[in-house]
Structure formats: C-alpha cells, structure tokens
Amino acid sequence: MSARLGPGRTARTVIGVVIGGLFAIPIIAMVEFTLRDGDGHSLAHWAALFDPENARQYAPIWLGLGNSLVLAVVAIGIVLLLLAPTMILITLRFPRLRRAFEFVVLLPISIPAIVLVVGLAPIYLVIGRTFGTGIWSLAFAYGITVLPYAYRAIQGSIDATDVRTLAEAARSLGAGWGAVLTRVLAPNLRPGLLAAALISVAVVLGEFTIASLLGRQNLQTALVVVSKQDTYAAIIVSLLALVFAFVLLVVIRLAGRTQGSAPRTARRAATAPSARAESPSDPSDPSRKGNNT
Amino acid sequence: MAITAPLTSGAESNHSGSARRPAARVSVPAFLGLVPFAAYVLLFLALPTLLAVLSGFFTEDGTFTLDNLAALADPVILRAFANSIGLSLLTAVVGAVVGALACYAMLGLAEDGRVRGIVDGASGVLAQFGGVMLAFAFIATIGVQGLVTVWLRDTFGIDIFVNGAWIYDLPGLVLPYIYFQVPLMVITFMPAMAALRPQWAEANLTLGGSTGGFWLRIGIPVLAPSFAASLLLLFANAFSSYATAAALASQGSQIVPLQIRAALVSETVLGRENLAGTLALGMVVIMAIVMWGYSIIQRRAARWQR
C-alpha cells in the first residue's frame, strides 16, 4: 500500500543511482588513491603499510589504534557497568526520574565536543597529576560522548522487556540482586547492551576532538600525524576504519533483528544509532543529531 | 526493598520484602544506587561545561570580569562566527533537501530490506563517525592530486585550483560537510517520512485528489515541522563539528571551533585571556537557541508520528 506514497520504480532508481553515485565518489577516490603507483596502479602502498620493515614509520598508527582499542574497552565498561545498571534502577525504582535522566544523558549532543574540551583541559590536568597520563583515563570523557547513543540502544531493549516483572519473578524465587542483574535482566537486554557496546566502539574509534586537544594519541590523531608524511597510509587506514564502522552498524542492525520476540520499537532502537527518533513516546528527543566531532 | 549498591557493585545486600511496592516508598539505600552515575556525570559533563562557559568570565588570576566578552565583538571573532553560521546554514539546507529526496526515494522500501540496511549503516558511519576520515576522503577526491581534480585536469583541461588550493580553506569544507549532512538528514527525517499513512493517500484518491495534490495539501504540510526540526539539527551538527575542519583547513582559523583550537594552543590569541572560554560561551548560546527551537518544533512534528 505504501508504494502509492512512494515514487515509481523508475524515479526511485534514478534518485538512488544519482545520490548513491555521488556519495560513492569519495570512497572510490580513496580506493583509487591508495592504489596509485607512479603512473599505474598497484598494491604497493598497502603492502608498505603492513611491511614490518616500515613498522617504525607507521608506529604512530599502531600505537594510536592500540590506544583507541583500550579506550573503547574502558568506555564499554562505563556503559555496561555504570550506565546500564543505573538505567535499570531508574526503570525499577525511580520511573518518575526517567525524563530528567533522559535529558541528562542526551545533553552531550547539544554540547559540542570542542566546548567540552575547554572545560576538560583543567580537569585532565588534575587527573594527570593524580593518576598519571595513561591513555585509559581519557575514556571517562569518551563515556560522556557515548552516552546518548548507548542510552538509546539500551532503552530500546528496556522498553521492549518487562523488566519489572522479570525482576520480581526472580526475586520471589530467591535470586539476589546480583543474580537478577547478571542472569535475568542482562540476557533479556542483550540486543540493546550489544548495540550499545558496538556503537561505543564506533564512536571511540572515530573520536578526534578531545584526544587531539588534550594532547593524547588515538587512532584519529595518529592519522593526522602520519598523513603529513604519508598521505597514502592515512587514507588506507581511514578507508579500513570507515568500512569497519559500517560493518559494526550492520551487525548491530542484524543483532537487533534476531530479537524475534521483541516489539518493533526495540528492534529499531537497536539498529541505527539514531533510530530512536522513531519512538513516538519521546517527541522532543534531540538525540538524533550526529556526532561528527 | 533492596536495589541498592548491588546495581553498581554486583554485591548482595538485604533482600527482605516483596519487590512490588508503590514507587513512592523509596528507601534510602535505593537512592545510593544513583550516586555513582550522578557523580560521573557531574564530574565529566556538568563540571567541564561549567568550567568552559564560566572561564570566559574570569581573568587569569581568578577575578570576575566581563572584559573578555568584548572578544565576541572583535572583527576576527565576528568573522569566524559569521563563517561558522554561514557554512552551517548552507550545508544544512543542501543536506536537508538532498536528504529529504533520498528519504522520498526510499518510501515504500521494506524497513528490514537490504537497501534500507545498507543505507542506514552507511548513513550512520558518514553522519556520526566520519570526522577526520572524511577529510582524507575529500583530499583523495578533490585534493590537489585527487581523483576528480586529476580527471578534470587531464580530460577537460579544467584546473579547479586555478585560484589557489581552496580545499584547505573555508570553501573546501562545504562538500565534506554536505557529505555528512545528507546522511544525517536520512537518519533523522526517514522516520517522519515513513509515518505518512498510506490511508491518507487512499482517502485523497477516493475524494478525487491527485498525487500532486496529495503532496501539496497533505504530505508537505504534515512533514513541514519534521523537516524544519531536522534542518535545525543539521545546522547544530555542522556548527559544532570540529574534526573534519581541523584535519582539512590548514590555513588559518576560519570557523569558531578552529578559533577555539588556536586559543587553546596559544593562550594569548588577539592578546586576550581565556578567549577559548569566551568562544565556548558564544557557541553554547547559539547551540542552546537552536536546540530549543528544535525541541519546540519537534514536539509539534511528533503529532503525526503516533
């Protein structure tokens, strides 16, 4: 039926091919660029990047990648061990706080990272003096930038699950709260938790603003450093990172779909990071904004 | 009632009493479960935001002053704000129109279908996680040695950089920004588009209306608030974006986020103290206005999405 609303087959194809084609150009250009070799094309630059002999030259990339992975793990920890339990607590015991809570966790969308970093600088000065300048501490800032995305993913699963009844049933059967959380609720909320974790990885791997201005090395700052000597390597890694993020998002979508019993809302919320917008229950949700920092 | 520390520590605590009680009867321990998260948000979200915004009101030695605000009237800073707003406006409008067209093309495609899956995934990546990598994509495309640049030069003899390498200047930001604005429009506007009821089209046809009439009298009026809300969101997105510009614009600080970088890196740009804080304040004010408008319009738009 909805076909009547949409364009005809021809119009759809034309629009799709034109817009899709235009958007493919930069990606194709990246591929072509990395394959250049003198006047022809070869895999020379790809081989060079992974050649152990050049390890020193590309060291910043591997260091940055390692740092970003550490940051991603700590950020996931914040999401799963701090955000998720708090959300469950709000659902079970403080339902009236939900709107206020939502306002707070969606706030990072309205506060540009470049503004946040101005205030984070003095805080990280103190953190650096107290805990040292290990890369992991940066994840506290990343946990904030990840909040809106992770919240949306998890809330979708919470809305699709009768958390209250499950918790009561488990409690009345004698389960302690630890067991309720880890063995009853967590498995039921798995699609949302998984989506939140994967989105956190995508956000952290793409983050540049905060790391760069706080003088830390992550994947993105390394790309900028390396690009000054070897544009090819920077573009190869960018391409790989974009493809990796794309795969992550598709996996999130598929993972959301396998939650067969859950209503559509949960599935949607768990798929695209911004699909929460479809939830009519929250018209003022500003969380669809991108995070192109 | 005992949803207390266990929620955060996983430890056991007393489990007396049944779970279902009116929500009003909140025991003190349950409240404690909120403390870790509240502390985290205060420390890493509220505090930095306050520090950023308030630092503009203080001198280096900590005395209150309004002098720093004068920086916002500095011609260089005004120019940066004008550039930022102009760039955001231009890319938001182009992104909104092209993105809405893409949404229209996807009307009627199954939500679980392959095309929607690919478009959603690609939109998410480009709109939300691109940053620096998009800058490199455009260096490979319209950079001095970019694919399109070289192709235009070798095939048509057109040198797009005849007036200098504008890709590293303000105009160079327009295409990359549109490149992440369109996908964001797809993400934000598609739900509104998908909420159009086929029944409305049927009713329109039954009553003798045409397809053009449907869009003119029903479709566009219903979608207008959502479109406006998405437009504001796109504006906010471009306005607060930093990474793409930082990686691309090597010549000067044409937009506000780059001015903040300059101010952070060297403390005394334009001979002013705490300029970064003043600029951050300016950005926050504009963002607040835009997001406030967004929430008002979006509330209205949501009427049709039930």
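Among contacts in chain B between residues at least 6 apart in sequence, what percentage join residues at least 24 apart? The share is 71%. This model is predicted.

**Chain B overall**

Chain B has 306 residues, and buried residues make up 51% of them. Its elements are 13 helices, with zero strands. Read from the N terminus, every element is α. The table gathers some values for chain B.

| Property of chain B | Value |
|---|---|
| Buried residues | 51% of 306 residues |
| Exposed area | about 13000 Å² |
| Part of the exposed area from carbon and sulfur atoms | 68% |

**A nonpolar patch on chain B**

Five side chains build a nonpolar patch on the surface: Leu50(B), Leu54(B), Phe58(B), Phe64(B) and Leu66(B). The patch covers about 490 Å². One of its members, Leu54(B), sits in helix H3 of chain B, which spans residues 35-54. Is Leu54(B) buried or partly exposed? Leu54(B) is partly exposed, because its relative accessible area is 39% and buried means under 20%.

**Two helices crossing in chain A**

Now turn to chain A. Helix H3(A) covers residues 59-93, and helix H9(A) covers residues 190-206. Their axes come within 9 Å. They cross at roughly 145 degrees. The crossing is right-handed. On the H3(A) side, the contact residues include Ser68(A), Leu69(A), Ala72(A), Ile76(A), Val79(A) and Ala84(A). From H9(A), the residues in contact include Leu193(A), Ala196(A), Ser200(A), Val204(A) and Leu205(A).

Note on methods: Residues numbered from 1 in each chain as written. Chains lettered and ligands numbered in written order. Predicted model: local features only at pLDDT ≥ 70, side-chain atom pairs only at ≥ 80, totals over all residues. Heavy atoms only, no water. Patch = residues over 30% accessible without salt bridge, like charges linked within 9 Å, V, L, I, M, F, W, Y side chains within 5 Å. Areas by Shrake-Rupley, 256 points an atom, 1.4 Å probe, with all protein chains shown as cover. Salt bridge = Lys/Arg side-chain N within 4 Å of Asp/Glu carboxyl O. Helix = DSSP H or I, 4+ residues; strand = E, 2+ residues; numbered from the N terminus. Buried < 20%, exposed > 50% of the residue type's maximum accessible area, 1.4 Å probe, protein only. Axes fitted to C-alpha atoms, helices over the stretch in contact; angles between N-to-C directions. Left-handed = near helix turned anticlockwise from the far one by under 90°. Contact = heavy atoms within 4.5 Å.
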